[in-house]
Amino acid sequence: MHYSQKSGEEVLGDLGSGRDGLDSAEVHERLLRYGPNVLETAEAVNPLVIFFDQFKSFIIYILLFAVVFSCIIGEYIDSILILAILLANALIGFFQELNAYRSLEALKKIAALHATVVRGGEKRVVDAADLVPGDVLVLTAGDKVPADARILESVRLKVEESALTGESVPAEKGSGVIAENVQIGEQVNMLFSTTSVVVGNCLAVVVGTGMETEIGKISALISGAVDELTPLQLRLHRFGKRLGAVILLVCLVVFSVLSIQAFFTGGLTGQTFVAFLFIAISLAVAAVPTALPAVVTIALSIGVKRLLKKKALVRKLSSVETLGSCDVICTDKTGTLTENRMTVRYGWTMDGEIELQGIGYEPVGDVKGEPVELLFKAGLLCNNAELHQRSGKWELIGDPTEGALLTSGGKLGLKGTDKRIDEIPFDSERKMMSVLLQDDQGQFSVFSKGAPGHLLKHCSSYYRSGEILPLDQEAMSQIENQNDLYAGQAMRVLAFAWKQKDATEPLDEEGLTFIGFQAMIDPPRQDVLPAIRTTSEAGIRVIMVTGDYQTTARAIGREIGIESEVCTGHEIDNMDDAALTSVLQSGINIFARVIPEHKQRIVTALQGMGHTVAMTGDGVNDAPALKKANIGIAVGSGTEVAKEASDIVLLDDSFSHIVSAIREGRGIYDNIQKSIMLLLSGNFGEVLIIFLAVMTGMNLPLTAILLLWINMVTDGAPALAFSVDPYGTDIMTRQPKDAKENILPLDKLVLIGVLGSIGTGFALFLFSLYGGANGDGEELKLGQTIVFNFVVLYEVVLVFVIRRDYRVPLFSNWWVWAAVVFSVVVQLVLMYTPLRDIFKISALDGRQLLLLGGSALCFYLLCRGYAVLQLFFMKRREATFT
Ligand code: ATP
């Protein structure tokens, strides 16, 4: 018989469990027996696949063809050399990429789901992967269901199961027995892995984990979020294709011109024809930035690791790029700007105020004044949180607001023993929660708590000195004034109400009696003030979007440096999109009493204004706004549903980590851009050297093997070293980049052109100076050796010119220096060992080396001169515009 056809107790019995859950020895034993609760995704990192991927490129195919061809025509040394270069290139790429993929894999593990279970009679939060059949789950709104389970008890439970059943309307669920064996969609007493709880809460026993769940049976469909190509990678693929076409054309031209020249001078033999073909192929290799895709993958993966250190867990790789252009952050207040460590400071009823002392969740602290017990009893009873003392520390499971109420009740020595009959759970739209209880004498009562404005709408009387009095205008304004007074001191105010009921009546929230307030402090985070200052220097606007009361929001805003008028959710309701846009344009930066739907409207309006918006969220209803935002950021303490909808999860909720993440995003983007610039300006220079030489009838300044060597061995290392470069000193003092900006904007393209042209000028000058342009034999060899070495030095100079352009401190990255030294040392080894003969180059003497060094220095100075000129004209242009 299926579990849905048995009672909860029978299922518990079948699984050898009980309402207190399993003990840890049993869990351990079952974990060994059933394995971890994970879905096996097919694509684990396979080193072999990564290695062979290194050879999957058009250029490599051509080179492999060249290897075979060289063998056929008897050029064995050339073919072995190309093969060795190919292998060296593949090995560098392989190790780097393997590393990158491994860290992305590790990331998936950290992003894993958590679940609340009852084990050995105590609630605890565990990794969802450690769940076993028989575990008792505690689920509330916003939780992802982590395994298949049979519901034991539930309160107004609704579950979204569209991934499994295709049904988008959340299904109502309960714990009753179903008589027949029905389809999944109709098993209303069962929960299925990967679905999510939208409303209510429940207790359920796990019946299936991992591949034994319903979704496990169709799990081939599940894929990891971090595997997709990012927009930048896609753009680079496209760019590579276009570049490839242009290069093919250039190579064709070079090949044709060489052949035609040889034909007319009578020098076209089979051997020269092959040599020209070889040159054309090498030129293609020189022009195509083969290292580019690997450099981007590596830079992104290193960035993801750096972000993780800054407590930002990247779920979608593309968000790393988007962060760089983020110019608006819409942030929650509670937990993100404040600490979310609530402590009740005051209790207030119409009889007066009491003050509570002590901090944290420890229920110890002096009470000044005469407390009205009903107020604090309401806080204890209308509550789903639990406080546990573990190794001397008080730990909270549940909502910090509710935790604070348990503590305040505890300070008065109260205990909530009433039996809960029913509950209307809290949700951020209604902003209140109610419970129906039965006390020890059998008496029924309703207790409610919530945002004062919302709860008071349900009250018709108030409580004073044991009496219930009608809630008239005068009492109402006294209550409202008190609320404003607390809120003005940046306190979170919760109102409490209650009523007695007859046994037969269901839970309702009408005609309640207002009891009073509990006002709690939630101090702003220490690191928020400097972070807000940083955002304003970085041209990023910060908007507080909170469910809290407007006065509280404004007071907190004042403390942390977000000063503005407040717009409320109610006002947004009365605005059309155009009006909301003009409110945002007018510079309002605090939105209070909003519900998740407002968040979505705010994001849409900001995006309509051309902004790139980061939005934080935690609740189950925040998912649409998180998805809509350019960067959806879920806070670590938020619901699993919010996390799943987000691009980034903040491991600790602080706002300052969003700012750090933006800094990283900008830096990673810079590093990728730098690598691309380096590779392209290097390649552009080399192609121009060959192209101009061929067009002007000079000898070839570089042989095919030398071109291959430069491109496959020496120029990749500095580009890779850029991916661990620290960020420029102006990284957070410049404006965000335009989201539509090309990876290489016009000024960078011009820079590539200028650098390449100056470098080519130098190379061809040196080539002619040593007689390589028209000479032959030793003269040509010497000229080619000079150009070969100059091109390597030219790339070294580019490294420094480009880093300087991005204001990276000179001695901040030893990898760059190591890469540069590597390039130079390798050149020396080639020249002064027998390898010289294989590469067909000569050993330069001291004077020639000096001249090379001097040329490189002049090249550097010219580039700097150009940069200074460029800056001067940019400033003049800015001055003309302003
Ligand atoms: P933010 O959106 O900045 O995180 P918030 O936490 O105040 O702010 P919500 O969680 O939507 O936003 O809460 C809105 C209001 O609902 C709160 O200001 C409070 O008055 C009330 N409230 C919060 N938690 C509870 C709860 N557990 N039970 C009843 N009312 C609550």
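1. In this predicted model, E339 is partly exposed, its relative accessible area being 21%, a value that sits just above the boundary, since buried means under 20%. Its salt-bridge partner is R341, with the closest N and O atoms 2.3 Å apart, and R341 is likewise classed as partly exposed, at 45% relative accessibility.

2. A second ion pair deserves attention for the positions of its members along the chain. The side chains of R156 and D422 form a salt bridge with an N to O distance of 2.8 Å; R156 belongs to strand β4 (residues 148-160) and D422 to strand β15 (residues 419-424), so this pair ties together parts that are 266 residues apart in sequence. R156 is partly exposed, with a relative accessible area of 38%, and D422 is also partly exposed, at 22%.

3. The pair formed by D548 and R492 has another setting: their side chains meet in a salt bridge at 3.3 Å, N to O, and both residues are buried. D548 lies in the loop between β22 and α17 (550-560), while R492 lies in strand β20 (residues 492-501), so the contact ties together parts that are 56 residues apart in sequence. In addition, K499, K501, E505 and D508 are joined into one network by salt bridges that share partners.

4. As general background to these pairs, side chains of opposite charge can pair when their charged atoms come close. For the model, the count of salt bridges comes to 33.

5. Turning to the fold, an open sheet of eight strands, with mixed pairing, follows the order β8-β27-β26-β25-β9-β22-β24-β23. Its edges are β8 (312-314) and β23 (566-568), each of which has a single partner strand, so one side of each is left without a neighbour in the sheet. On average, and with direction ignored, neighbouring strands of this sheet are turned by 20° against each other.

6. Within that sheet, strand β22 (residues 541-545) pairs with strand β24 (residues 590-592) in the parallel sense, over two bridges, and V545 stands opposite F591 in β24.

7. Which helix lies across β8, β9, β22, β25, β26 and β27? It is α23 (residues 655-695), which lies across β8, β9 (328-331), β22, β25 (613-617), β26 (631-635) and β27 (648-650), and which runs at about 155° to β9.

Definitions and conventions. Residues numbered from 1 in each chain as written. Predicted model: local features only at pLDDT ≥ 70, side-chain atom pairs only at ≥ 80, totals over all residues. Heavy atoms only, no water. Pairing = 2+ DSSP bridges. Helix = DSSP H or I, 4+ residues; strand = E, 2+ residues; numbered from the N terminus. Axes fitted to C-alpha atoms, helices over the stretch in contact; angles between N-to-C directions. Contact = heavy atoms within 4.5 Å. Salt bridge = Lys/Arg side-chain N within 4 Å of Asp/Glu carboxyl O. Buried < 20%, exposed > 50% of the residue type's maximum accessible area, 1.4 Å probe, protein only.
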